[in-house]
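The report below takes up a helix pair, one tyrosine, the cysteines and two annotated domains. Please read it alongside the sequence and the coordinates.

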Amino acid sequence: MAGDPCLLGVDIGTSSSKGVLTDPAGTVLATATRPHGVSRPRPGRVEHDPEAVWWADFVAVVADLLAAAPGPVAAVAVSGIGPCVLPATAGGRPLRPAILYGVDTRATAEIAELTDLIGADEIVRRGGNRLTSQAVGPKLAWIRRHEPDVWSRTRRFFMASSFLVHRLTGEYVLDHHSASQSDPLYDLHAQAWLDDLATEIAPGLELPRLLWPAETAGTVTAAAAAATGLPAGIPVTAGTVDAWAESVSVGATRPGDLMLMYGTTMFLTRVVPAPVVHPRMWATTGVFPGSFCVAGGMATSGAVVEWLRGLTGGTDYERLTAEAAAVPAGADGLVVLPYFAGERTPLFDERARGVVAGLTLDHGRGHLYRAVLEGTAYAVRHHLDEMAGSLAPPDRVIAVGGGARSLWTRIVSDVTGRPQLVPEQTIGASYGDAYLAGLAVGLVGRDEDWTRWAGRVEPDPATADTYRRGYTAYRDLYPATRDIVHALG
């Protein structure tokens with residue numbers, strides 16, 4: 001194919017897959033999106049079919065991108081939701097649907113048992129994190145206990161990115177960042193697998209070779225080329241978890257940077273120069289060697305917005321936003337706890353549930369929509385308050401994701417009192433993937449930054465007192481209702 005080389009990135013998200021084709025300077029040449037859903041076979045269980053979602057989406061997205069490619073593809077990088085658990089045979093054949101990240105809360109008993117067996121302090125000392133619904137180890141233990149036939153054939157496990165890398169190259173690898181979320185199997189300080197704990201929790205499981213996200217895992221095989229249309233022999237990077245690819249997409253990779261990702265689940269990543277163990281957050285490696293992060297993730301945020309939209313007959317977002325914008329700050333006394341599927345950080349309460357407090361007959365759809373947005377903003381402030389206990393204020397906050405250019409961003413800045421930088425390019429993780437692909441083959445330099453800024457959202461001081469009162473109510477509401485919602489659940 002004539003023309004300059006292109007870089008291809010694909011990200012597998014919770015509710016859609018996105019791909020981008022760029023040139024080595026970061027100019028977007030083509031994009032593609034494919035929506036999908038999750039399976040919820042029982043309460044607390046959230047899964048993806050790796051063939052019908054991960055692989056089928058990848059193939060479809062790549063086909064769209066290749067059709068628009070003005071030149072040859074030089075390298076491929078992928079990212080995806082994580083940490084996930086997909087058990088597979090030694091040859092990489094999936095044995096059941098993939099168990100998703102912390103929104104899947106099935107392994108509650110295994111979390112408690114492994115914590116007692118290994119010791120809570122020992123788990124944190126070695127891996128940096130307590131065991132929660134986000135952890136990989138308890139989910140492997142759940143499969144071993146509840147699906148012994150599956151476990152008897154399990155030799156490998158994949159996440160979304162590593163599964164695609166295996167399909168493309170035949171290599172069994174996992175990036176260090178994804179591994180650092182595989183608690184309690186990874187030593188955050190030594191940046192290596194904890195083989196003793198892996199043998200105890202998941203005997204017979206082969207752990208993948210560890211690479212950094214921008215390292216080349218292998219090249220596209222002839223079989224993968226035939227299935228995808230990609231040229232055989234081109235390099236494929238190790239990939240990583242979507243939120244960290246998204247941080248690369250906006251240059252949020254320096255100590256002091258905080259990325260706020262607006263999506264189905266809201267995510268925060270704060271880059272730090274050394275491992276920081278926080279009792280209510282996650283400690284992870286960063287994208288590049290020598291970098292580390294403190295991170296937080298909500299179980300629902302954009303998902304509650306979508307739930308409300310469906311509940312009101314599929315009202316379009318423009319109309320909902322206009323109605324919410326017409327409602328004053330504080331939603332005329334409504335406060336929402338957005339814990340509709342439990343909550344991950346900083347509560348670590350898989351039994352938490354959503355609460356709407358203060359409803360009257362005078363409240364309408366716009367009030368409720370604004371209160372949902374404000375509830376997620378209060379949750380962001382809760383995370384920032386937790387981080388403030390052990391970290392200096394962030395140097396800059398960068399907004400990314402589908403909700404980064406909306407009323408939502410404005411409300412978050414007003415509630416937190418923090419300005420947010422908004423990038424021009426909001427494609428997200430797949431754009432970061434393309435950058436990582438360029439790094440892998442030397443078409444992009446490590447010091448290059450593709451980010452251009454669309455604007456800066458400043459907090460409105462006129463709302464400060466209203467939101468201070470609303471935040472106090474938000475923080476008081478959870479302990480006041482926790483026992484009740486636990487009993488109801």
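Helix 13 passes helix 14 in a right-handed crossing, a term that applies when the near helix is turned clockwise from the far one by less than a right angle, an anticlockwise turn being left-handed. The model is a predicted one, in which local features need pLDDT of at least 70 and side-chain atom pairs count only at pLDDT 80 or more, whereas totals for chains, interfaces and linings use all residues. Residues are numbered from 1 along each chain as its sequence is written, and side-chain values use heavy atoms, with hydrogens and water left out.

**Helix packing**

Helix 13 covers residues 365–388 and helix 14 residues 407–416, and the two pack at an angle of about 45 degrees with their axes 9 Å apart. Helix 13 is therefore oblique to helix 14, since angles under 35 degrees count as roughly parallel, over 145 as roughly antiparallel, 65 to 115 as roughly perpendicular and the rest as oblique. The axes are lines fitted to C-alpha atoms over the stretch in contact, and angles run from 0 to 180 degrees between N-to-C directions. Helices are DSSP runs (H or I, at least four residues), as are strands (E, at least two), numbered from the N terminus. On the helix 13 side the contact (heavy atoms within 4.5 Å) includes R370, L373 and Y378, and on the helix 14 side it includes W408, I411 and V415.

**Tyrosine 317**

Y317 lies in helix 12, residues 317–325, and is partly exposed at 33% relative accessibility, where buried means under 20% relative accessible area, exposed over 50% and partly exposed in between (1.4 Å probe, protein chains only). Leaving aside neighbours within four places in sequence, Y317 is in contact with V305, E306, R309 and Y369. Of these, E306 is eleven residues from Y317 in sequence and 9.3 Å away, C-alpha to C-alpha.

**Cysteines**

How many disulfides does a search of the whole structure find? The search finds zero, a disulfide being a pair of cysteine sulfur atoms within 2.5 Å. For C293 the closest cysteine sulfur, in C84, is 18 Å away, too far for a bond. C293 is buried, with a relative accessible area of 5%, and C6 is also buried, at 1% relative accessibility.

**Annotated domains**

UniProt, in an unreviewed entry, lists a carbohydrate kinase FGGY N-terminal domain and a carbohydrate kinase FGGY C-terminal domain; positions follow the numbering used here, feature names are shortened, and annotations may be inferred rather than shown by experiment.

| Residues | Helix | Strand | End C-alpha distance |
|---|---|---|---|
| 7–244 | 36% | 24% | 18 Å |
| 259–440 | 36% | 20% | 23 Å |
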